[in-house]
Amino acid sequence: MLLRGSIIERLMYKVVKRHIAGTTISSVIGKAKEFNSKGVPVSITFLSTKVDSIAKARYVSSTYIELLRRIAMFGLKASIEVPLEEIGYNISRTTACSSLE
C-alpha cells in the first residue's frame with residue numbers, strides 16, 4: 001500500500017499531472033469551463049483509492065453527485081466516468097446501489 005506523499009506517489013503525480021485537471025471539484029470545473037470555452041467537451045473521472053468500506057463508497061458517490069450538480073449548474077459539455085468499484089460494487093451490488101441514493 002502506498003502512503004500518501006510517498007516517493008512513488010509523488011513521482012507518479014509528476015508523470016501524469018498534465019492529464020489531471022485538478023485535485024478539487026472547483027479546480028476541475030474551472031478546467032472544464034476553460035476547455036468548453038474553446039469548444040472542447042470534457043470527460044471527468046474522480047480518481048480514488050480502493051473502496052473497501054461502505055463509508056468510502058458513499059463518500060465517492062457523493063463526490064460524483066456534487067460533480068454532476070456543478071456540471072448542470074454551469075451548463076458544461078461534460079461527461080463523467082464512474083467505475084463501479086469506486087461506488088462499492090466490489091463490496092456488493094447492494095452497496096453500490098445504496099451509495100447512490
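A salt bridge here is a side-chain nitrogen of Lys or Arg within 4 Å of a carboxyl oxygen of Asp or Glu. Arg 69 and Glu 66 meet that criterion, with N and O 3.7 Å apart.

The model is predicted: local features need pLDDT of at least 70, side-chain atom pairs count only at pLDDT 80 or more, and totals for chains, interfaces and linings use all residues. Residues are numbered from 1 along each chain as its sequence is written, and side-chain values use heavy atoms, with hydrogens and water left out.

**Fold and surface**

The chain has four helices and two strands. Helices (H or I, at least four residues) and strands (E, at least two) are DSSP runs, numbered from the N terminus. Their order along the sequence is α-α-β-α-β-α.

The chain holds 101 residues, and 21% of them count as buried. Buried means under 20% relative accessible area, exposed means over 50%, and partly exposed lies in between (1.4 Å probe, protein chains only). About 7400 Å² of the chain is exposed, and carbon and sulfur atoms supply 60% of that area. Accessible areas come from the Shrake-Rupley method with a 1.4 Å probe; for residues, only the protein chains shown count as cover.

Contact means heavy atoms within 4.5 Å. Take the contacts between residues at least 6 apart in sequence: 57% of them join residues at least 24 apart.

**Salt bridges**

The whole structure contains four salt bridges. Three of them are tabulated, among them the pair that opened this report.

| Pair | Closest N to O distance |
|---|---|
| Lys 31 and Glu 34 | 3.9 Å |
| Lys 38 and Glu 34 | 4.0 Å |
| Arg 69 and Glu 66 | 3.7 Å |

Side chains of opposite charge can pair when their charged atoms come close. Lys 31 and Glu 34 sit three residues apart in helix H2, so about one helical turn separates them. Lys 31 is partly exposed at 32% relative accessibility. Glu 34 is also partly exposed, at 37%. Lys 38 is exposed, at 60%.

Arg 69 and Glu 66 both belong to helix H3, again three residues apart, about one turn of the helix. Arg 69 is exposed at 54% relative accessibility. Glu 66 is partly exposed at 26%. Elsewhere, shared partners link Lys 31, Glu 34 and Lys 38 into one salt-bridge network.

**A buried glutamate**

Glu 86 lies in the loop between strand E2 (78-80) and helix H4 (93-99). Glu 86 is buried but has no salt bridge. The nearest side chain of opposite charge is Lys 56, 8.5 Å away. For charge, Lys and Arg count as positive and Asp and Glu as negative; His and the chain ends are not counted.

Glu 86 does have a polar partner: its side chain and that of Tyr 64 make a polar contact of 3.5 Å. A polar contact is a pair of N or O atoms within 3.5 Å; within protein, one must be able to donate a hydrogen and the other to accept it, and residues adjacent in sequence count only if both atoms are side-chain atoms.

**Nonpolar core**

The largest nonpolar core has eight residues: Val 28, Ile 29, Ala 32, Val 42, Ile 44, Leu 67, Ile 71 and Leu 76. Helix H2 (25-37), strand E1 (42-44) and helix H3 (54-73) each give two or more residues to this core. H2 gives the largest share, three residues. A nonpolar core is a set of buried Ala, Val, Leu, Ile, Met, Phe, Trp, Tyr and Cys residues joined through side-chain atoms within 4.5 Å.

Beyond its neighbours within four places in sequence, Val 42 contacts Ala 32, Phe 35, Asn 36, Lys 77, Ala 78 and Ser 79.
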